Amino acid sequence: MTSSSPEAASGPAVELPENADTEPVSWDVVVIGAGPAGASAALAAARAGRRVLVLERAELPRYKTCGGGIIGPSKGALPPGFEPPVADLVREVEFTLRGRRRRVRSSRTTLIGLVDRARFDEALTRAAVDAGAVLREGVAVSRIAEHDGEVTLTLADGDTVRARAVVGADGSAGRTAAYVGVTFEQVDLGLEAEVPVPAEVAEHWRGRILLDWGPIPGSYGWVFPKGDSLTVGVICARGEGEATRAYLRDFIGRLGLAGFRPAIESGHLTRCRTESAPLSRGRVLVAGDAAGLLEPWTREGISYALRSGRMAGERAAAVAGVGTDAEVEKAGADYHAEIDAVLGREMRAGRILLGVFERHPAMLHRAVTTLPQGWRVFRKVVQGRTTFADLLERPAARRVLELTRH
Ligand SMILES: Cc1cc2nc3c(=O)[nH]c(=O)nc-3n(C[C@H](O)[C@H](O)[C@H](O)COP(=O)(O)OP(=O)(O)OC[C@H]3O[C@@H](n4cnc5c(N)ncnc54)[C@H](O)[C@@H]3O)c2cc1C
């Protein structure tokens, strides 16, 4: 992907070098990482009129270990007019409990969209570049420091970049989380295989996903079709490495896919933040996986990345224009409050549901696959017509929770 050149300065605090048609001495907003969080942040800050630079370690399109499931809240958080490059649209879900008690439920309307993350992230970043952000690929940020109202980022090649505000959207293995002091209370290991399959196998899976409630408490597996290949994955609490690998192996074997050689096999950690952990430090804000913003039960993170990225981009645009420490601190506090009101609330509900799922996977399986109400709730959540947080506020849900406490 090629980058555009910076547009004319629009923010108040930009210091321009003599040769103003190259790069500014100090950017208004620098975004670290071009995943969904970074692309959304860059787009929001560019639309707010700021000079924005995105620094991405990889060359786009880059592979990302991810099912690529786009649920309603992810779709709703996409930039207006952005059409995601969809590989499949899901209307049917096959549920199994540790490979048994197979049940298929279907819907007249689309439940989930499936995307190839490399193409999806590249297209989102393109939208930010089209809005005026500048992209530099193949550059890793290795150090962050802040002095005198400015953040200095040191790159792996020793070069430095300066900014009035920074959004750290460098994912769960990035550096900004440690700089800001984000702590994590839940860490999971996701393993995936991208399995190219013959046409008849691809046809069987077209428009259909599989969710398997797994053998280790809190674990589950999935098959997400992407045209002529299947993304097969499992996720489980970290610390169960061998059991997680065995789960994926058995899952693939059970599905009759062991004979097809995976094109890619990969693993990635997902991390959910400690509720009280910071989301900013001075002029540096974190978003998406870097902030530990992820649904604790399903480990769905694209909608969290898109939504927090947009909020961080808007706040960073504001931070770029303010001068005093008190103003910067207030912008950080406002960002924290905004995240907490929406995503923090949803994560609190997700933690409760993960606990129920860990203790009673069979009950959950029965509820979703045999009770019309259970299937209706599943559809409404994945289509973004309600949230777990809204559901848990209902008296009936609270009574069920009370019964499943042990
Ligand atoms: C196995 C698995 C399956 C998943 N399936 C789904 C799913 O189906 N649906 C869903 O909604 N969520 C899913 N998730 C979660 C989802 O993938 C993440 O929540 C989402 O990718 C977070 O986006 P992000 O932009 O915060 O980070 P990322 O997508 O990780 O992007 C971070 C970017 O930062 C770059 N970077 C890192 N370090 C640096 C550096 N030092 N300098 C410059 N750039 C840097 C990286 O190269 C990367 O491009 C899954 C996760 C796993 C592990």
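Select helices H1 and H7 to begin: they cross in a right-handed sense. This is a predicted model, so keep that in mind as you click around. The axes of H1 and H7 come within 7 Å and cross at roughly 35 degrees. To light up the contact, pick Pro-36, Ala-37, Gly-38, Ala-39, Ser-40, Ala-41, Ala-42, Leu-43, Ala-44 and Ala-45 on the H1 side. On the H7 side, take Ile-302, Ala-305, Leu-306, Ser-308, Gly-309, Arg-310, Ala-312, Gly-313, Glu-314, Ala-316 and Ala-317. Colour that set by class and you get 14 nonpolar, five polar and two charged residues.

Next, keep H1 on screen and add helix H3, residues 117-130. Here the axes come within 8 Å and cross at roughly 15 degrees, which makes H1 roughly parallel to H3. The crossing of H1 past H3 is left-handed, whereas H1 and H7 cross in a right-handed way. For the side chains, show Pro-36, Ala-39, Ala-42, Leu-43 and Ala-46 from H1 against Asp-121, Leu-124, Thr-125, Ala-127 and Ala-128 from H3. That contact splits into eight nonpolar residues, one polar and one charged.

Now go back to H7 and bring in helix H8, residues 325-359. Their axes sit 10 Å apart, at an angle of about 160 degrees. H7 and H8 are therefore roughly antiparallel to each other, and H7 passes H8 in a right-handed crossing. From H7, select Tyr-304, Arg-307, Ser-308, Met-311, Ala-312, Arg-315, Ala-318 and Val-319. Their partners in H8 are Val-328, Ala-331, Asp-334, Tyr-335, Glu-338, Ile-339, Val-342 and Leu-343. By class, this contact has eleven nonpolar, one polar and four charged residues. Ser-308 and Ala-312 are worth a label: both appear in the contact with H1 and in the one with H8.

Time for the ligand. Which residues come closest to it? Zoom in on Gly-33, Gly-35, Gly-190, Gly-288 and Gly-301, the closest of the 42 residues that surround the ligand. Then show the elements that give two or more residues to this shell: helix H1 (36-47), strand S2 (52-56), strand S12 (184-196), strand S15 (229-237), strand S16 (264-273) and helix H7 (302-320). So H1 and H7 turn up again, this time around the ligand. A class colouring of the shell gives 15 nonpolar, 17 polar and ten charged residues.

Zoom out and colour by domain. Domain 1 covers 1-86 + 114-182 + 276-406, and domain 2 covers 87-113 + 185-272. Each of the two domains puts at least three residues into the shell around the ligand. Their C-alpha centres lie 25 Å apart.

Last stop, the place where the domains touch. Here 35 residues of domain 1 are in contact with 35 residues of domain 2. On the domain 1 side, select strand S3 (69-70), strand S7 (112-115), H8, helix H9 (361-370) and helix H10 (372-382), each of which supplies at least two residues. Which of these elements gives the most? Highlight H9, with six residues. The domain 1 side as a whole comes out as 19 nonpolar, ten polar and six charged residues. Leave H8 coloured before you finish, as it packs with H7 and also helps form this side of domain 1.

Technical notes
Residues numbered from 1 in each chain as written. Predicted model: local features only at pLDDT ≥ 70, side-chain atom pairs only at ≥ 80, totals over all residues. Near = placed C-beta within 6 Å. Helix = DSSP H or I, 4+ residues; strand = E, 2+ residues; numbered from the N terminus. Nonpolar A, V, L, I, M, F, W, Y, C, P; charged D, E, K, R; others polar. Domains from an automatic or database assignment. Axes fitted to C-alpha atoms, helices over the stretch in contact; angles between N-to-C directions. Parallel < 35°, antiparallel > 145°, perpendicular 65-115°, else oblique. Left-handed = near helix turned anticlockwise from the far one by under 90°. Contact = placed C-beta atoms within 7 Å.
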